[in-house]
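Open your viewer and get ready to make a few selections. We will take them one at a time.

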Amino acid sequence: MRTPADERLEVMIGERDIQERVAQLGRRITLDYEGKDLVLVAILKGSFVFVADLARAIDLPVAVDFMAVSSYGMSTKSSGVVRIVKDLDYSLDQKHVLVVEDIVDTGLTLNYIFGHLKSRGAMSVKICSLLDKVGRRQVAVPVHYKGFEIPDEFVVGYGLDVEERYRNLKDVCRVVKI
Ligand SMILES: O=P(O)(O)OC[C@H]1O[C@H](OP(=O)(O)OP(=O)(O)O)[C@H](O)[C@@H]1O
Ligand SMILES: Nc1nc2[nH]cnc2c(=O)[nH]1
């Protein structure tokens, strides 16, 4: 992909590895949720690419719903207080929920979402994240289905952005300033 003159992209996880892992996750989730009413709850915006591929790798008639959250201001970002900017369209009553994220970093976002969704009548709530920066965790969250553990480096692509750019990359990449 064309980049600004002062930066280049370095592939951390290539498209083929991502697709292979997503297919494996899809097979596991298909086995685990057979006969259950499953809804994938994707957290916008970063998870839009992952959930599109994951949903098609699951051989069950899943529902897909979306939620968007934002931290309450920069100064309180580390407090883990999260505001729901876009709520789900459908009730979770009698549903099994799989939260789909692109990345878990400090864990603050998912910690809030996990607790919140558990209080909304779902039969079960589990988490699936493509990437996990384990070394950055501030609060423990159970990542039941995980694509890749990655080191503490800023990455873009496959849904992840820097200032809204690069979400459409097929690979997960580092941005290197030249
Ligand atoms: O574990 P945490 O430290 O809470 O970080 C993880 C969150 O950060 C990213 O979202 P971001 O705020 O970049 O929004 P976006 O998905 O809209 O790009 C990612 O999609 C997670 O939601
Ligand atoms: N785009 C992007 N968002 C993040 N949020 C937490 N870690 C990351 C990262 O490495 N890249």
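**A tour from the sheet to the ligand**

Start by selecting strand 2 and strand 3, which pair in the parallel sense over 6 bridges. Keep in mind as you go that this is a predicted model. For one example of the pairing, click Val41: its bridge partner in strand 3 is Asp65.

Now bring in the rest of the sheet. It is an open sheet of 6 strands in the order 4-3-2-5-6-7, with mixed pairing. At the edges are strand 4 and strand 7 (145-149), each pairing on one side only. Ignoring direction, neighbouring strands are turned by 30° against each other on average.

Next, add helix 1 (residues 15-32), which packs on the sheet and touches strand 5, strand 6 and strand 7. The direction of helix 1 makes about 160° with that of strand 7. Then select helix 2 (residues 48-57): it lies across strand 2, strand 3, strand 5 and strand 6, and runs at about 160° to strand 2.

Your next stop is helix 3 (108-118). Colour Leu108, Thr109, Leu110 and Ile113, which are buried in this helix. Their cover includes strand 2, strand 3, strand 4, strand 5 and strand 6.

Finally, show ligand 1. Which residues come nearest? Of the 15 around ligand 1, they are Lys45, Gly46, Asp105, Thr106 and Thr109. Strand 2 (38-44), strand 5 (96-104) and helix 3 each give two or more residues to this shell, and the largest share, 4 residues, comes from strand 5. Colour the shell by class and you will find 6 nonpolar, 4 polar and 5 charged residues.

How values were computed
Residues are numbered from 1 along each chain as its sequence is written. Chains are lettered from A and ligands numbered from 1 in the order in which they are written. This is a predicted model: local features need pLDDT of at least 70, side-chain atom pairs count only at pLDDT 80 or more; totals for chains, interfaces and linings use all residues. A residue is near a molecule or strand if its C-beta atom, placed from the backbone, lies within 6 Å of it. Ala, Val, Leu, Ile, Met, Phe, Trp, Tyr, Cys and Pro count as nonpolar, Asp, Glu, Lys and Arg as charged, and the others, Gly among them, as polar. A residue is buried if 20 or more other C-beta atoms lie within 10 Å of its own, exposed if 12 or fewer, and partly exposed in between; C-beta atoms are placed from the backbone. Two residues are in contact if their C-beta atoms, placed from the backbone, lie within 7 Å. Two strands pair if DSSP finds at least two bridges between them. Axes are lines fitted to C-alpha atoms, for helices over the stretch in contact, and angles run from 0 to 180 degrees between N-to-C directions.
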